[in-house]
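This briefing addresses the overall architecture of one protein chain and its contact with a partner chain. Please consult the sequence and structure shown here alongside the points that follow.

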Amino acid sequence: MTSDLTRRNFLLQGCSSITAIWVSTHWPALLSAARHARESAQSSAAPKLDFFTPEQAVEIDALTARIIPTDQTPGAREASAVYFIDRALMTFAVDDQKTYREGLPELQARVHETFPSLDKFSAATPEQQDQILHSFDDQEQTGRRRPFRQGNAKSFFETLRIHTIIAFLLDPDAGGDPQGLGWKLIGRERAHTFQPPFGYYDKDYPGWQSLPGQTDKTRS
Amino acid sequence: MMPDQPKYKTSDEVDFVIVGSGAAGGILAKELSTNGFRVVVLEQGPYLTEADFTHNEVKVFNQDLLTNHPKLQPTSVRKTPDEKASPKRALVYGRMVGGTSVHFTANFWRFHEIDFIERSKIGPIAGTTFADWPITYADLEPYYTKVDWEIGVSGLAGSSPFDPPRSKPYPMPPLPTKCSGVIFEQAARKLGWHPFPAPMAILSQARPGRSACINCGFCLGFGCEVGAKSSSLATAIRAAEKTGRCEIRPNSYVHRIELDANGRATGAVYFDEQRNVHLQKAKAVIVSANGAETPRLLLLSANKQFPDGLANSSGLVGKNLMFNSAAISLAVFDHPLNDYKGFAVSRVFHDFYELDPQKVGFYGGGGLDARFDATPVSFAMGGLPPGTPRWGKGFKDALAHNFTRTMEIFCHGTSLPVETNSFSLDPDLKDAWGLPALRLTYKDHPDDLKLAHWLNDRALELLEAAGAQKKWSQPIEEQQFGVHLLGTCRMGNDPKTSVINSDHRTHDVKNLFLCDGSSLVTSGRGQPTMTIEALAFRAADRITAMAKRGDLA
């Protein structure tokens, strides 16, 4: 028995038969998240969900995959954001459990309202998913600096958005995605020490030179 | 882990109890214990060391690993005294042994001569309590030099034509020049300004037990894992412990200064970690708890003799708060700067340190620095230009393109002292120990906001001259949140208009001293820590002399 099958069973466990059918049709995406979760745990055991039901995890995984989508480069799904968030809701984000409990059914109601043939966000096409998310959040960056510490998100979408960003960009050597996919995307090298030159603009820099006539006021 | 230290009994009347172990408290502990006195430092936060520090942004920012915690220590905020304050985070300060010096940027300018005598030069300003200091730059210069050499500041003497005189060069060369520094220097010179290598309290050369900066990139907000940042923890506290006369007592939350019938301080009352209450007896008490917690402690210590708070005959305890005005512009460049590598700031200029009010139409002045201080999660939250999508492909593409290509220009400026700007006790809100919470009342003087706009326009000019691909500014708004906590127990010769004298002794209680950001009379142009530390070295000299001639009894 391969461990992949074990994980599949794990995800199917507890799902209704309809969900089980749905899960089986969406298996490749889930497999990807599960594989990375396994790598992050550095173990062949099935990834463990502590907060979400497998059914909820499928929805959250689909949501994170629209917040930081997969294209030519990996996104939140490959970084196993759903597992990070699951763990977060039992640890540093325990206060946000209620936001998720209430937010997920609201989201699913919105899905049904927008596309009556659908009940699950994860069952929609990416274009449909984006349309649903725009109805929750159509804001743009304000360019405001460092709201991370001060601003506590209230809405479900904003909470999930922040958690997805954390899952993707937290230092891979200090609790983040151990694969460091987010850091790779943004060009943040994983080394702990750096030496100049650091980038393009300092590589030919000759060093600081005083202007003519500048005096040294040091008296020694 | 805490190094070996003496353990004094609370009933043992030590020479000094110091409340707070940060920039000022750490240096006072070192100096006084080195001078032969028995010292107990009561620190409300934990004793963390390099091994406890982490690059985990959630732990550091969201969970306040190193800082005051809004759940344990809620605060309230309002703009004017006639409003009811609403619960909101008002401030961030370091809450651990070493205090704010552990997690700060380590920008380390000295104040200039003008900062101490500007009221005389400019004249009165309506709506303010603008005043001269009772000491001058010349009085403080030897102590600035002491900070440079003993605590460890890197920089290049004589590199700014606007620098005040110094008696000695820096003990070590400046840190490397980051790409943001190169861009800033070239553009500023194009505009006829005078950029210079930033003086930083970060080692460019190793010292015993401390590494030179390794440019790890987790600096602002984080504790330094290699001891390169010249925090009190990495410097003064260690030196104090080596004397064998100083006990650092962490997790000790002081909430009252005890007085005897003669109005003399007898010690500090605190909660230990289990919330048992103790009185540490001492011959003299020094409060260095920061510009918010120092006045709060005096207000919490009100008694029959001092119904309005200890040492508050002037009524000015907690008042005249100054945050420093600030503005930030950001820019994206064509090629990678990789400015995430290294400490925050490598170039500064002071051409606008002293603006002529007749010419610009407002009072003020400041300095601009080139920096990048955002770690990856914080960058994704607030480092992208306005108009960028907050999620989806557009968001992802912007992160991928901008993180290595972004830099900031931070404008730091004066705040005028306004009496109603203050920290006081909230009448309703309580902290986790049941004590009245801090209430912030703050509305920037109009000149502070005009200055922020004026300096920010220079930042945008510079970014234009530098050929930025895209540039934008943070909105400049009235401040309702502070990290520089200045002026709330100001120094002065007149007991009616100040709380402490130039020796940091309170006018009202002979053996009670205050030394931290609260002592400042003016705000400088940002970067107050260097001046707070110089004041602490000077206060230690003054207090030592008083104690030796029996003037504390």
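**Chain B: fold and interface**

In chain B, 76% of the contacts with a separation of 6 or more are made between residues 24 or more positions apart. The model is predicted. Chain B contains twelve helices and 17 strands, and its interface with chain A draws on 88 residues from chain B and 65 residues from chain A.

**Dimensions and packing**

- A compact globule of 553 residues would be expected to have a radius of gyration near 24 Å, and the 22 Å computed for chain B therefore agrees with such a form.
- Along the principal axes, a box of roughly 70 × 50 × 50 Å is filled by the C-alpha atoms of chain B.
- Buried positions make up 68% of the 553 residues of chain B.

**Surface and charge**

- The exposed surface of chain B amounts to about 17,100 Å², of which 52% is supplied by carbon and sulfur atoms.
- Chain B carries 60 positive and 59 negative charges, and the mean positions of these two sets lie 2 Å apart.

**Interface with chain A**

- Together, chain B and chain A bury about 6,800 Å², with 58% of that area on carbon and sulfur atoms.
- Of the area that chain B buries against chain A, 15% comes from Arg390(B), Trp391(B) and Lys396(B), which is more than any other three residues supply.

Note on methods
Residues numbered from 1 in each chain as written. Chains lettered and ligands numbered in written order. Predicted model: local features only at pLDDT ≥ 70, side-chain atom pairs only at ≥ 80, totals over all residues. Heavy atoms only, no water. Helix = DSSP H or I, 4+ residues; strand = E, 2+ residues; numbered from the N terminus. Rg over C-alpha atoms; globule rule 2.2 N^0.38 Å. Buried < 20%, exposed > 50% of the residue type's maximum accessible area, 1.4 Å probe, protein only. Contact = heavy atoms within 4.5 Å. Areas by Shrake-Rupley, 256 points an atom, 1.4 Å probe, with all protein chains shown as cover. Lys, Arg positive; Asp, Glu negative; His and termini not counted. Charge placed at Lys NZ, Arg CZ, Asp CG, Glu CD. Buried area = accessible area lost by both parts, 1.4 Å probe.
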